[in-house]
Amino acid sequence: TTLKVQNCMKNPFLSSFKIGESLKIPVAHNEGNYFAPKDLLKQLKEEGRIALKYSKQKNNEKNYNPNGSSDDIAGILSNNGRVLGMMPHPERVINDLHGGTDGLKLLTNCVEQIIG
């Protein structure tokens, strides 16, 4: 799937990414998705806690949001930005043999930010 980095609160996961940057991250699920009431979705957006969204690659692309999550959300942050909950699996794309390294970039960035 294609994910887009959102304008979100400071966090160790996406600090080296630009807003709007695309990542190719695979999914490995059938039923897993994120649903929330409209008032919570509004709150998450206002607080800058929506970190990643599923994104179309082409204008006519169908099923770009493979699980039907609310507002195309693929990843949200905790109140303090220290926890990223996401459905796609960055650990499944950490080597060119896996089809790319976008997951490695995300995971490495996190470790570098935490360790310093």
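These exercises with worked solutions deal with a predicted model of a protein.

**Exercise 1. Overall fold**

Task: State how many helices and strands the protein has, and in which order they run.

Solution. Step 1: count the elements. There are two helices and five strands. Step 2: put them in order. Starting at the N terminus, the order is β-β-α-β-β-β-α. Step 3: place some of them in the numbering. Strand β1 covers residues 2-5, strands β3 and β4 cover 50-54 and 73-77, and helix α2 covers residues 102-115.

**Exercise 2. Size and packing**

Task: Decide whether the radius of gyration of the protein agrees or disagrees with that of a compact globule.

Solution. Step 1: find the expected value. For 116 residues, a compact globule would have a radius of gyration near 13 Å. Step 2: compare. The protein has 14 Å, so the value agrees with that of a compact globule. Step 3: add the outer dimensions. Along the principal axes, the C-alpha atoms fill a box of roughly 35 × 35 × 25 Å. Step 4: look at burial and contacts. Buried residues account for 36% of the 116 residues. Of the contacts between residues at least 6 apart in sequence, 60% join residues at least 24 apart.

**Exercise 3. Surface and charge**

Task: Describe the accessible surface and the charged side chains.

Solution. Step 1: take the surface. Its area is about 7200 Å², and carbon and sulfur atoms hold 50% of it. Step 2: take the charges. The protein carries 15 positive and 12 negative side chains. Step 3: locate the two sets. Their centres are 5 Å apart.

**Exercise 4. Cysteines**

Task: Explain why Cys8 does not form a disulfide with Cys110.

Solution. Step 1: recall the bond. A disulfide is a covalent bond between the sulfur atoms of two cysteines. Step 2: recall the cut-off. The two sulfur atoms must lie within 2.5 Å of each other to count as a disulfide. Step 3: check the distance. The cysteine sulfur closest to that of Cys8 is in Cys110, and the 13 Å between them is too far for a bond. Cys110 is likewise in no disulfide, with the sulfur of Cys8 as its nearest cysteine sulfur. Step 4: check the whole structure. The search finds zero disulfides. Step 5: add the setting of Cys110. Its relative accessible area is 12%, so Cys110 is buried.

**Exercise 5. The loop between β3 and β4**

Task: Sort Ser55, Asn67, Asp71 and Asp72 into buried or partly exposed.

Solution. Step 1: recall the cut-offs. A residue is buried under 20% relative accessible area and exposed over 50%, with partly exposed in between. Step 2: apply them. Ser55 has 12% and is therefore buried. Asn67 has 9% and is therefore buried. Asp71 has 38%, so it counts as partly exposed. Asp72 has 21%, so it also counts as partly exposed. Step 3: look at the backbone. Asp71 has a positive phi of about 55° although it is not a glycine. Asp72, also not a glycine, has a positive phi near 60°. Step 4: list contacts, leaving out residues up to four places away in sequence. Ser55 touches Thr2, Lys4, Glu61 and Tyr64. The contacts of Asn67 are His29, Gly32, Asn33, Tyr54 and Met87. Step 5: compare sequence and space. Asn67 and Tyr34 are 33 residues apart along the chain, and their C-alpha atoms are separated by 8.3 Å.

**Exercise 6. Lys4 and Leu104**

Task: For Lys4 and Leu104, give the element, the exposure and the contacts.

Solution. Step 1: treat Lys4. This residue is in strand β1, and at 29% relative accessibility Lys4 counts as partly exposed. Beyond four places in sequence, Lys4 touches residues including Gly20, Glu21, Ala51 and Ser55. Lys4 and Tyr54 are 50 residues apart in sequence, with 6.4 Å from C-alpha to C-alpha. Step 2: treat Leu104. This residue is in helix α2, and with a relative accessible area of 37% Leu104 is partly exposed. Beyond four places in sequence, Leu104 touches Pro90, Val93, Ile94 and Asn109. Leu104 and Gly85 are 19 residues apart in sequence, and 17 Å separates their C-alpha atoms.

Definitions and conventions: Residues numbered from 1 in each chain as written. Predicted model: local features only at pLDDT ≥ 70, side-chain atom pairs only at ≥ 80, totals over all residues. Heavy atoms only, no water. Helix = DSSP H or I, 4+ residues; strand = E, 2+ residues; numbered from the N terminus. Rg over C-alpha atoms; globule rule 2.2 N^0.38 Å. Buried < 20%, exposed > 50% of the residue type's maximum accessible area, 1.4 Å probe, protein only. Contact = heavy atoms within 4.5 Å. Areas by Shrake-Rupley, 256 points an atom, 1.4 Å probe, with all protein chains shown as cover. Lys, Arg positive; Asp, Glu negative; His and termini not counted. Charge placed at Lys NZ, Arg CZ, Asp CG, Glu CD.
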